[in-house]
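Visitor: Please take a close look at one part of this structure, and then set out in a connected way what lies around it.

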Amino acid sequence: PFIVLLRVAAVALLAIALARPQKGKEDTKVTTEGIDIMLTIDTSGSMIAEDLAKDRNRLDVVKEVTADFIKHRSSDRIGLVVYGADAYTQCPLTLDYGTLLQLLEQCEIGMADQSATAIGDALATALLRLKDSSVTSRVVVLLTDGMNNAGKMAPLAVAQSAKALGIKIYTIGAGTRGMAPVPGTDFFGRKILQQVPVEIDEDLLKEIAKTTGGQYFRATEKASLEKIYKEIDQLEKTKTESLTYMEWIERFPGLVFAAAALLIIETLLLATRFQKLP
């Protein structure tokens with residue numbers, strides 16, 4: 001009787017398995033709508049100052065911190081504008097962060113004419129890349145260590161255009177307060193540091209940010225610059241939309257395994273304890 005019960009149980013399990021029982025599991029699938037961000041970096045001659053970190057110029061520090069910001073984003077298109085007396089797009093909006101990071105690393109002081117700082121032109125260049133974007137949130141992050149003293153576009157007029165387009169501008173003033181060490185060479189060609197006054201037009205940068213609903217930040221060393229980018233990262237998080245779906249889990253493999261186990265036990269018992277002698 002016991003052997004018969006094992007066989008009946010195995011057949012019953014196989015019959016249930018053939019019916020393919022399933023268990024429903026409710027889960028959430030998240031879809032994302034990315035943010036378009038144009039990073040706008042000053043590459044004028046004054047970025048050679050070494051006040052954000054010891055023995056490193058401002059641009060090198062900015063590139064490192066900006067790269068970390070990029071690496072912490074996901075599903076956001078990011079582009080890069082560089083400017084001095086001129087302004088141009090170093091990288092258009094892209095999801096290819098690897099290429100973007102390579103182009104960021106290639107940025108050098110003077111690549112957009114180091115003789116002056118065209119903040120208005122830089123903002124206008126960034127806006128041209130964002131104006132036709134269809135995403136809801138569009139942002140410009142502008143970093144400078146100086147004053148607007150070149151270019152054709154008035155920064156506040158560009159800020160008004162950004163406001164009309166619904167584009168938010170965050171501005172960052174990079175540089176210590178007071179005097180900053182700027183490298184040079186002495187008569188014998190040795191490196192020397194000369195103290196040069198830091199001149200950042202904070203009133204202008206504050207007004208640009210305020211006009212567009214953004215914020216102004218001041219970075220006086222690498223740590224504060226890192227904190228600023230982290231704060232912007234938190235302020236401009238990618239929006240998510242949750243869609244609910246039902247995930248079905250198949251139960252038949254376990255039933256088949258149990259039936260097979262019972263049949264194996266039956267076979268073993270028939271070959272040993274319940275073996276019939278001739």
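Guide: With a relative accessibility of 3%, Cys 91 counts as buried, where buried means under 20% relative accessible area, exposed means over 50%, and partly exposed covers the range in between, with a 1.4 Å probe and protein chains only. This is a predicted model, in which local features need pLDDT of at least 70 and side-chain atom pairs count only at pLDDT 80 or more, while totals for chains, interfaces and linings use all residues. Residues are numbered from 1 along each chain as its sequence is written, and side-chain values use heavy atoms, with hydrogens and water left out.

The closest cysteine sulfur to that of Cys 91 belongs to Cys 107, and because the two are 9.7 Å apart, they are too far from each other for a bond. Cys 107 is likewise buried, at a relative accessible area of 2%. The structure accordingly holds zero disulfides, a disulfide being a pair of cysteine sulfur atoms within 2.5 Å.

Both cysteines appear among the partners of Leu 80: leaving aside neighbours within four places in sequence, Leu 80 is in contact with Cys 91 and Cys 107, and its other partners include Met 38, Ile 41, Tyr 88, Leu 100 and Leu 104, contact meaning heavy atoms within 4.5 Å. Leu 80 is also one of the residues, together with Val 141, Ile 172 and Leu 225, that touch the most other members of the largest nonpolar core, which has 34 residues; such a core is a set of buried Ala, Val, Leu, Ile, Met, Phe, Trp, Tyr and Cys residues joined through side-chain atoms within 4.5 Å. Among the elements that give two or more residues to this core are strand 2 (36-42), helix 2 (58-71), strand 3 (77-83), helix 3 (97-105) and strand 5 (138-144), helices (H or I, at least four residues) and strands (E, at least two) being DSSP runs numbered from the N terminus. Helix 2 supplies the largest share, seven residues. Apart from this core lies another, of 28 residues, among them Val 81, Ile 119, Ala 126 and Val 158.

Turning to the whole protein, its secondary structure comes to eight helices and ten strands, and 43% of its 278 residues count as buried. Of the contacts between residues at least 6 apart in sequence, 77% join residues at least 24 apart.

Charged pairs add a further set of links, with 16 salt bridges in the count, each a side-chain nitrogen of Lys or Arg within 4 Å of a carboxyl oxygen of Asp or Glu. One of them joins Glu 50 to Lys 191, with the closest N and O atoms 3.0 Å apart; Glu 50 lies in the loop between strand 2 and helix 2, and Lys 191 in strand 8 (residues 191-197), so this pair ties together parts that are 141 residues apart in sequence. Glu 50 counts as buried, at 12% relative accessibility, whereas Lys 191 is partly exposed at 49%. In another salt bridge, the side chains of Glu 202 and Arg 177 meet at 3.4 Å, N to O, linking helix 6 (residues 202-212) with the loop between strand 6 and strand 7 (179-185) across 25 residues. Here Glu 202 is buried, at 19% relative accessibility, while Arg 177 is exposed, at 53%. Finally, Arg 56, Glu 64, Lys 222 and Glu 226 are linked in a network of salt bridges.
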